[in-house]
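Trainee: Please take one part of this model and go through it closely with me, relating it to the rest of the chain as you go. I would like to follow the charged pairs and the unusual backbone angles, with the reasoning spelled out.

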Amino acid sequence: MNKEEIKIRDEFIKLDSLLKFAGVAETGGIAKEIVTMRKVKVNGEVCLMRGKKIRSGDVVTIDEIDLELTVK
């Protein structure tokens, strides 16, 4: 599995914004589609909320593309 650390300056980043920032999705619409298709896990659980607040220490996994994002 490819693992990447994503550093954020604020208290949180929304899940769809994280997917765009990490280069997983080119647009917000694509990010929304990825989330609604049950392809994203946050801390090991499937997440269907594209606006979920991702905070430092959270791990976002997308098994389909073999990617794990850790937010710092």
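Mentor: We need one definition before we start: a residue is called buried when its relative accessible area is under 20%, exposed when that area is over 50%, and partly exposed in between. Please also keep in mind that this is a predicted model, so every statement below concerns computed coordinates.

The part I would choose is the stretch around strand S3, and I will begin with Asn43, which lies in the loop between S3 and S4. Its relative accessible area is 44%, and therefore Asn43 belongs to the partly exposed class. What draws attention to Asn43 is its backbone, since this residue has a positive phi of about 55° although it is not a glycine. Most residues other than glycine have a negative phi.

On the other side of the strand, in the loop between H2 and S3, we find Arg38, another residue that is not a glycine and yet has a positive phi, here of about 60°. Arg38 has a relative accessible area of 54%, so the label here is exposed.

Let us turn now to the charges. Side chains of opposite charge can pair when their charged atoms come close. The structure holds five salt bridges, and two of the pairs involve the stretch we are looking at, Lys39 with Glu64 and Lys41 with Asp63.

Lys39 and Glu64 form a salt bridge in which the closest N and O atoms are 2.5 Å apart. The two partners are 25 residues apart and link distant parts of the chain, with Lys39 in the loop between helix H2 (28–36) and strand S3 (41–42), and Glu64 in the loop between strand S6 (59–62) and strand S7 (67–71). Lys39, at a relative accessible area of 23%, is partly exposed, whereas Glu64, at 59%, is exposed.

In the second pair, the side chains of Lys41 and Asp63 meet in a salt bridge with an N to O distance of 3.2 Å. This pair also links distant parts of the chain, because Lys41 sits in strand S3 and Asp63 in the loop between S6 and S7, 22 residues apart. Both partners count as partly exposed, Lys41 at 29% relative accessibility and Asp63 at 42%.

For contrast, consider a pair from elsewhere in the chain: Asp16 forms a salt bridge with Arg50, the closest N and O atoms being 3.5 Å apart. Here the partners are 34 residues apart, Asp16 in helix H1 (residues 15–21) and Arg50 in the loop between strand S4 (45–46) and strand S5 (53–55). Asp16 has 12% relative accessibility and so counts as buried, while Arg50, at 38%, counts as partly exposed.

Finally, we can set this part within the whole. The chain has two helices and seven strands, arranged along the sequence as β-β-α-α-β-β-β-β-β. Of the contacts with a separation of 6 or more, 49% are between residues 24 or more positions apart. The chain has 14 positive and 13 negative side chains, and the centres of these two sets lie 5 Å apart. Of its 72 residues, 33% count as buried. The radius of gyration is 11 Å, which agrees with the value near 11 Å that a compact globule of 72 residues would have.

Note on methods:
Residues numbered from 1 in each chain as written. Predicted model: local features only at pLDDT ≥ 70, side-chain atom pairs only at ≥ 80, totals over all residues. Heavy atoms only, no water. Salt bridge = Lys/Arg side-chain N within 4 Å of Asp/Glu carboxyl O. Helix = DSSP H or I, 4+ residues; strand = E, 2+ residues; numbered from the N terminus. Buried < 20%, exposed > 50% of the residue type's maximum accessible area, 1.4 Å probe, protein only. Rg over C-alpha atoms; globule rule 2.2 N^0.38 Å. Contact = heavy atoms within 4.5 Å. Lys, Arg positive; Asp, Glu negative; His and termini not counted. Charge placed at Lys NZ, Arg CZ, Asp CG, Glu CD.
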